[in-house]
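Trainee: I'm new to this one, and I'd like to understand the reasoning behind the labels. Could we go through it together?

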Amino acid sequence: MLDPKVREVLDGTPTAHLATVLPDGSPHVVPLWIGTHGDHVVFFTGPGARKARNIERDPRVAISTTPPDDPYTPVLVRGRVVEVRDGEAGWALVDEIARKYTGADYPRDPERVAFLVEPEHQTVGLG
């Protein structure tokens with residue numbers, strides 16, 4: 001279940017950073033838009049992107065962000081990607097996130113898929 005404080009930040013418009021594991025075991029970190037869907041954290045990317053390929057091989061991820069109005073309060077989530085949505089179901093999630101950040105649906109070219117993360121560890125602040 002998502003911590004209500006985590007949900008509040010992720011339902012806003014923070015820039016998040018996603019860490020995945022490269023084939024050699026080293027970390028790969030990229031900024032991205034983020035949101036929630038039920039009790040999952042959700043983000044999207046192209047199906048052939050490095051982060052998508054990393055997740056296909058190893059579904060463990062870590063996400064770091066801060067509230068836009070409080071850059072000194074870290075919000076951290078570690079978990080696993082438990083579902084990848086493509087097609088219309090995927091586009092519905094992609095558009096939901098894009099509308100938060102831009103006010104418009106995401107362009108339909110190039111292809112995008114949505115990743116749902118089940119949180120295993122969540123923290124807000126330095127505690």
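Mentor: Sure, let's take the whole chain, then the sheet, the helices and a couple of residues. Keep in mind that this is a predicted model.

Trainee: What makes up the chain, and in what pattern along the sequence?

Mentor: There are 3 helices and 7 strands. Reading along the sequence, you get α-β-β-β-β-α-β-β-α-β.

Trainee: Why does the radius of gyration agree with a compact globule?

Mentor: Set the two values side by side: a compact globule of 127 residues would come out near 14 Å, and this chain has 14 Å, so they agree. As for the box around the C-alpha atoms, it is roughly 40 × 40 × 25 Å along the principal axes. Of the 127 residues, 41% count as buried. Also, among contacts with a separation of 6 or more, 67% join residues 24 or more positions apart.

Trainee: Which domain does the UniProt annotation give?

Mentor: The unreviewed UniProt entry lists "domain: Pyridoxamine 5'-phosphate oxidase N-terminal" over residues 2-121. That stretch is 26% helix and 39% strand, with its end C-alpha atoms 10 Å apart.

Trainee: On to the sheet. What is the order of its strands?

Mentor: It goes β2-β1-β5-β6-β7-β4-β3, an open sheet of 7 strands with antiparallel pairing.

Trainee: What makes β2 and β3 edge strands?

Mentor: Each of them pairs on one side only, and that is what puts β2 (27-32) and β3 (35-37) at the edges. On average, neighbouring strands in this sheet are turned by 40 degrees against each other, ignoring direction.

Trainee: How do you know that β1 and β2 count as paired?

Mentor: The cut-off is at least two bridges between the strands. β1 (residues 16-21) and β2 have 6 bridges, in the antiparallel sense, so they pass. For one of the partners, look at A19, which is bridged to V29 in β2.

Trainee: And at the other end of the sheet, how many bridges join β3 to β4?

Mentor: The antiparallel β3 and β4 are joined by 3 bridges, so the cut-off of at least two is met there as well. G35 stands opposite V42 in β4. These strands form a hairpin with 2 residues between them, where G38 takes a positive phi near 60 degrees. On to β7: it runs antiparallel to β4 and is joined to it by 5 bridges. F44 has A114 in β7 as its bridge partner.

Trainee: Why is β4 called mostly covered?

Mentor: Count the buried ones: 5 of its 6 residues.

Trainee: Now the helices. What does α2 lie across?

Mentor: Helix α2 (residues 50-57) lies across β1, β2, β4 (40-45), β5 (60-65), β6 (75-85) and β7 (113-124), at about 50 degrees to β1. Its buried residues are K51, A52, N54 and I55.

Trainee: How do you know that those line one face of the helix?

Mentor: Look down the axis of α2: the buried residues fall within an arc of 160 degrees, so they line one face. It helps to recall that an α-helix has 3.6 residues a turn, so residues three or four places apart point the same way. The cover over the buried residues of α2 includes β1, β2, β4, β5, β6 and β7.

Trainee: And where does α3 sit?

Mentor: Helix α3 (residues 87-102) lies across β3, β4, β6 and β7, running at about 95 degrees to β4.

Trainee: I97 is in α3. Why is I97 called buried?

Mentor: Buried means under 20% relative accessible area. I97 has 3%, so it is buried. Beyond residues up to four places away in sequence, I97 touches W33, I34, G35, V42, F43 and F44. F115 is 18 residues from I97 in sequence, and their C-alpha atoms are 12 Å apart.

Trainee: What about A104, in the loop between α3 and β7? Why is A104 called partly exposed?

Mentor: Partly exposed covers what lies between the buried cut-off of 20% and the exposed one of 50%. A104 has 35% relative accessibility, so that label fits. Leaving out neighbours within four places in sequence, A104 is in contact with A98 and R99. A92 is 12 residues from A104 along the chain, with 12 Å between their C-alpha atoms.

Conventions. Residues numbered from 1 in each chain as written. Predicted model: local features only at pLDDT ≥ 70, side-chain atom pairs only at ≥ 80, totals over all residues. Heavy atoms only, no water. Helix = DSSP H or I, 4+ residues; strand = E, 2+ residues; numbered from the N terminus. Axes fitted to C-alpha atoms, helices over the stretch in contact; angles between N-to-C directions. Contact = heavy atoms within 4.5 Å. UniProt positions renumbered as here; feature names shortened; annotations may be inferred. Buried < 20%, exposed > 50% of the residue type's maximum accessible area, 1.4 Å probe, protein only. Arc of directions from axis to C-beta. Rg over C-alpha atoms; globule rule 2.2 N^0.38 Å.
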